[in-house]
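Thanks for sharing this one. Here are my notes, as numbered points you can follow with the model open beside you.

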Amino acid sequence: MSTVKVITGNHAASFGARDSRAEVIAAYPITPQTQIVELLSEFCADGTLKAKFIKVESEHSAMAACIGASAAGVRAYTATSAHGLALMHEMLHWAANGRHPVVMANVNRAMGPPWSIWTDQNDSLAQRDTGWLQFYCESNQEVYDTTMIAFKACEQVLLPGMLVLDAFILSHTYEPVEMPDQELIDEFLPPFDPPYKMDLDDARAFGALTTPEWYMELRYLIQEAHEKALVTVREVEKEFGETFGRYYGTLELYRCDDAEEVILIAGSTASTAKDAVDIMRKGGRKIGLARIKLFRPFPNEEIRDIASRVNKMIVIDRNVSFGNQGIFFNEIKASLYSAKNRPPVYGFVAGLGGRDMKIDDITGIVEQADTCDIEEILWWGVKL
Amino acid sequence: MFVEVRWHGRGGQGVVTASELLAGAALAEGKYLQAFPEFGPERMGAPIRAFTRISDGPIEIHSHVYTPDIVVVLDPTLLENPAITEGLSDEGKLIANFSGTPDEVRKITKFMGRIYTVDATRIAMETIGRPIANTCCVGALVKVTSLVGLEQVENQIRQMLEFKIGKKGADANVEALRRAYDEVRS
């Protein structure tokens with residue numbers, strides 16, 4: 001029998017790691033750490049989860065310990081947020097380049113200064129080029145489910161994966177989360193069995209100096225693995241859906257079948273935007289929504305497909321690349337350049353530092369896109 | 001049905017636990033729910049808020065609660081704060097931990113909708129032995145709104161609190177809940 005618990009997004013992540021049978025959890029236990037590893041440390045202490053919990057002195061070391069564990073053939077997990085993620089940066093490259101499928105939850109928080117504990121996406125998007133898969137979740141159920149989806153997909157392609165949840169809006173909000181039978185989960189997610197691991201009886205070199213003669217080939221293999229990951233994630237999502245009855249996909253389409261315009265958005269704001277879409281539909285607008293679940297690898301083909309069917313795209317970014325524009329906006333336009341049919345794309349930067357994104361904000365953005373100049377970089381609701 | 005509840009109290013008074021209790025009871029009745037604290041740092045004694053959404057259908061919205069249907073005030077010293085009635089229309093309900101009558105609360109808050117009072121601090125002292133008014137306020141809310149059944153809340157208290165404070169403590173909280181349910185004034 002599956003069980004349903006009313007839990008926070010933080011705890012949904014902890015339960016996801018527990019039920020994925022993580023074997024090593026390494027974490028820095030002080031701010032900006034969350035309740036995710038607090039609960040996991042309790043699971044480890046009371047024997048609910050048979051894992052080694054390693055307390056370290058920084059997030060950089062937490063990731064280093066996870067990489068070591070993963071290299072030794074063990075399923076490794078950690079969690080962090082904002083400045084903690086930034087401090088890990090060097091090790092994020094190491095995990096991906098070393099092909100260690102570590103899975104990590106990142107609570108999306110704005111970067112300081114000024115000091116902030118509220119949500120935006122700049123912390124995780126700043127790690128775009130490290131080679132990690134990135135999954136943006138919309139609900140606590142999805143946080144829980146995506147933990148096992150990420151482990152399964154990442155272990156198949158030998159790349160690390162980051163699941164991302166919004167600070168407070170998911171991390172501290174209680175929602176019902178259904179947890180399936182452990183037996184079913186174990187069938188879905190068998191133990192980690194990498195093709196190569198640190199083994200005294202079968203010694204190999206890991207991360208050794210590589211001359212220009214071969215470095216580029218190793219990078220090419222990572223790119224190839226990312227391209228494969230796009231297919232793998234879809235297959236794993238499909239299998240998850242067939243087994244547990246919940247399907248998310250890599251680009252989730254909502255009311256897009258007859259849509260003439262579409263909102264593109266990631267994270268928990270997508271769910272509020274779905275309510276806004278319903279309201280605008282009642283008012284006669286043929287509008288739909290495409291939620292970016294998977295940001296790396298980027299679902300280019302799906303983006304081009306939805307673009308070919310609509311007259312207008314509106315991208316809402318809870319992030320910004322200073323000196324240019326919203327990061328999703330940028331990526332979506334890049335993906336459309338080679339498309340035959342590409343509608344005008346409007347980009348809005350909104351909700352930075354946890355500024356609340358209400359239904360009215362979404363409908364307001366859509367209305368403003370009716371009249372604004374496409375060349376403009378649009379900051380929604382700025383009081384200046 | 002789609003109902004939004006806003007809870008007011010001070011850090012340490014169990015405001016978030018109250019919102020969680022209601023959410024857990026709603027789940028047990030097959031309803032959809034969401035509960036969350038004020039998004040920010042919490043300090044012992046400082047005014048804080050928490051929120052509960054209950055619905056017959058799935059809840060997609062993830063923004064704050066701006067126009068609650070019901071406001072519950074756990075700490076009588078907060079009643080003078082205009083934030084108590086912010087966004088609460090005259091169609092809404094105000095439930096206050098207060099030793100006096102609803103009319104006295106009306107004078108303090110200027111709220112024109114329905115007001116209910118429950119002497120939750122006294123009940124809590126007599127049952128739990130500490131001035132923790134949260135379970136009492138949930139009892140009053142259940143009586144006034146019928147959002148969930150009293151028995152479901154009792155089950156939730158046992159599930160959530162027996163683990164934290166033992167059976168005796170949970171029993172005392174159930175008693176506080178029932179007394180508040182019976183003693184709420186309109």
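**Notes on the sheet of chain B and the contacts of chain A**

1. A good place to begin is a pair of residues in chain B: V72(B) has I95(B), in strand 5, as its bridge partner. Please keep in mind that this is a predicted model, where local features need pLDDT of at least 70, side-chain atom pairs count only at pLDDT 80 or more, and totals for chains, interfaces and linings use all residues. Residues are numbered from 1 along each chain as its sequence is written, and chains are lettered from A and ligands numbered from 1 in the order in which they are written.

2. That bridge belongs to the parallel pairing of strand 4 (residues 70-73) with strand 5 (residues 93-97) of chain B, which runs over four bridges. Strands (E, at least two residues) and helices (H or I, at least four) are DSSP runs numbered from the N terminus, and strands pair if DSSP finds at least two bridges between them.

3. On its other pairing, strand 5 of chain B meets strand 6 of chain B, again in the parallel sense, over five bridges. Here N97(B) is opposite V118(B) of strand 6. Between these two strands the chain passes through helix 2 (residues 102-109) of chain B, in a right-handed β-α-β crossover (clockwise from the first strand over the helix to the second, with the strands pointing away from the viewer).

4. Now the whole sheet: six strands of chain B form an open, mixed sheet in the order 2-3-1-4-5-6. Strand 2 (32-37) and strand 6 (114-118) of chain B each have a single partner strand, so one side of each lacks a neighbour in the sheet. Is edge strand 6 of chain B mostly covered or mostly uncovered? Mostly covered: four of its five residues are buried (20 or more other C-beta atoms, placed from the backbone, within 10 Å of a residue's own).

5. Chain A has domain 1 (3-244) and domain 2 (251-379), with bounds from an automatic or database domain assignment. Their C-alpha centres are 27 Å apart. The contact uses 27 residues of domain 1 and 20 residues of domain 2 (C-beta atoms, placed from the backbone, within 7 Å). On the domain 1 side, helix 9 of chain A gives the largest share, five residues.

6. Lastly, the contact between the chains involves 22 residues from chain A and 16 residues from chain B. Helix 10 of chain A brings the largest share of the chain A side, five residues.

Technical notes. Buried ≥ 20, exposed ≤ 12 C-beta atoms within 10 Å, placed from the backbone. Contact = placed C-beta atoms within 7 Å.
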